[in-house]
Amino acid sequence: MQFWKMNGAGNDFIILNNMVEGLPAESFPALARRLCDRRMSIGADGLMIVEKPTTDADYRMLFFNSDGSVGEMCGNGARCICRYGCDNGLAGEVQRVQTTAGLVTGWRMTRRQYRVQLNSPTVLRLDYPVEVDGVTYPCSYIELGSPGLPHAVVPISGLRRFPEQELFELGRKLCHHPAFPKGANVNFYEVEGPGQIWERTYERGVEDFTHACGTGTGSVVTVLTLQGKSDGRDVHVQMTGGELVIDVEVRDGAVERLLLTGPTNVVAKGEVTDEELAL
């Protein structure tokens with residue numbers, strides 16, 4: 001199997017073109033678990049499969065978390081796969097990508113910078129406090145697209161200095177909290193200045209913090225914009241792996257467009273030769 005490995009602000013993925021490889025769909029979850037293993041294989045946060053579209057799109061993106069579970073969508077993954085599609089002649093300067101959560105449009109800004117329009121919110125609860133171990137956390141809940149990609153948005157004072165293990169345990173408990181029947185990606189954030197946010201995301205399906213989360217940053221800025229705490233324009237979100245930029249366009253109190261811009265990096269291109277991989 002030929003593969004690309006890419007990352008978007010440190011959120012890393014393996015990409016396989018199934019229009020060439022012809023792998024059976026039932027093999028994808030096990031393939032994700034194997035290839036995303038950082039000790040036994042290539043290692044990544046997720047696996048993306050390129051397929052022929054079934055709607056009016058250039059190609060279809062199937063996303064699997066590193067534990068083999070299906071992801072409805074992935075913002076940084078979408079930006080990376082837009083570059084993959086453009087570089088491989090599957091699309092032009094504008095890319096239309098079919099995802100499980102709906103159509104995503106991408107734009108080539110420069111050779112490495114890509115922008116995507118994320119799926120709009122379909123579920124939104126701006127005031128949704130959640131209790132963990134006797135402490136009530138101010139929380140918002142948002143789902144992007146349909147079926148919705150679930151995100152919890154949680155402000156944390158002093159986030160950069162917050163003890164790592166405590167934050168990990170809180171993220172794990174919130175991710176699987178009964179308040180979120182689908183589970184949730186947990187986005188901890190702190191506003192550090194006008195248009196400047198620091199964020200950490202505990203990702204469902206990865207069961208750990210990732211270096212960046214595109215839909216997570218979009219969810220945080222959407223919540224802040226609708227709460228009147230941000231103007232939603234050119235908001236810079238710093239994460240462990242780098243910086244992402246979010247623009248939220250609101251009309252009549254509803255999100256009309258949610259744009260994510262950031263870097264892509266082609267880390268490796270090669271052939272999977274795993275002698276213990278069974279398909």
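Helices here are DSSP runs of at least four residues, numbered from the N terminus. That wording is needed for the opening stop, helix α3. The model you are looking at is predicted.

Helix α3 covers residues 75-87. Find Asp87 and Arg83 in it. They form a salt bridge, and their closest N and O atoms are 3.2 Å apart. Why can these two residues pair up along the helix? They sit four residues apart in helix α3, so about one helical turn separates them. Their surroundings are worth checking too. Asp87 is partly exposed, with a relative accessible area of 41%. Arg83 counts as buried, at 7% relative accessibility.

Now go to helix α4, residues 164-175. Here Glu169 and Arg172 make a salt bridge. The closest N and O atoms are 2.5 Å apart. The spacing along the chain is three residues, so the separation is again about one helical turn. Glu169 counts as partly exposed, at 26% relative accessibility. Arg172 is partly exposed as well, at 34%.

Next, look at a strand. Glu249 is placed in strand β18, which spans residues 242-251. Which residue forms a salt bridge with Glu249? The partner is Arg257, and the closest N and O atoms are 3.3 Å apart. Arg257 is partly exposed, with a relative accessible area of 28%. Glu249 is partly exposed too, at 31%. Arg257 also appears among the residues that Glu249 touches. The others are Ala254, Val255, Glu256 and Leu259, leaving out residues up to four places away in sequence. Thr222 makes a useful landmark. It is 27 residues from Glu249 along the chain, and the two C-alpha atoms are separated by 9.1 Å.

Salt bridges can also join into a group. Lys5, Asp12, Arg38 and Asp45 are linked in a network of them. How many salt bridges does the structure hold? The total is 17.

Strand β15 shows another kind of link. It runs over residues 196-203, and Thr201 lies in it. Is Thr201 buried or exposed? Thr201 counts as buried, because its relative accessibility is 0%. Its side chain makes a polar contact with the side chain of Asn187, at 2.8 Å. Asn187 is also one of the residues in contact with Thr201 once neighbours within four places in sequence are set aside. Asn185 and Val186 are on that list. So are Asp208, Phe209, Thr210, Cys213 and Met239.

Finally, turn to the cysteines. How many disulfides does the structure hold? The count is zero. A disulfide needs two cysteine sulfur atoms within 2.5 Å. Take Cys36. Its closest cysteine sulfur is in Cys74, 11 Å away, so the pair is too far apart for a bond. Cys36 is buried, with a relative accessible area of 5%. Cys86 tells a similar story. The closest cysteine sulfur to that of Cys86 is in Cys82, at 8.9 Å, which is too far for a bond. Cys86 counts as buried because its relative accessibility is 16%, and the cut-off for buried is under 20%.

Terms used:
Residues numbered from 1 in each chain as written. Predicted model: local features only at pLDDT ≥ 70, side-chain atom pairs only at ≥ 80, totals over all residues. Heavy atoms only, no water. Contact = heavy atoms within 4.5 Å. Buried < 20%, exposed > 50% of the residue type's maximum accessible area, 1.4 Å probe, protein only. Polar contact = N/O pair within 3.5 Å; in protein donor to acceptor, adjacent residues only side chain to side chain. Salt bridge = Lys/Arg side-chain N within 4 Å of Asp/Glu carboxyl O.
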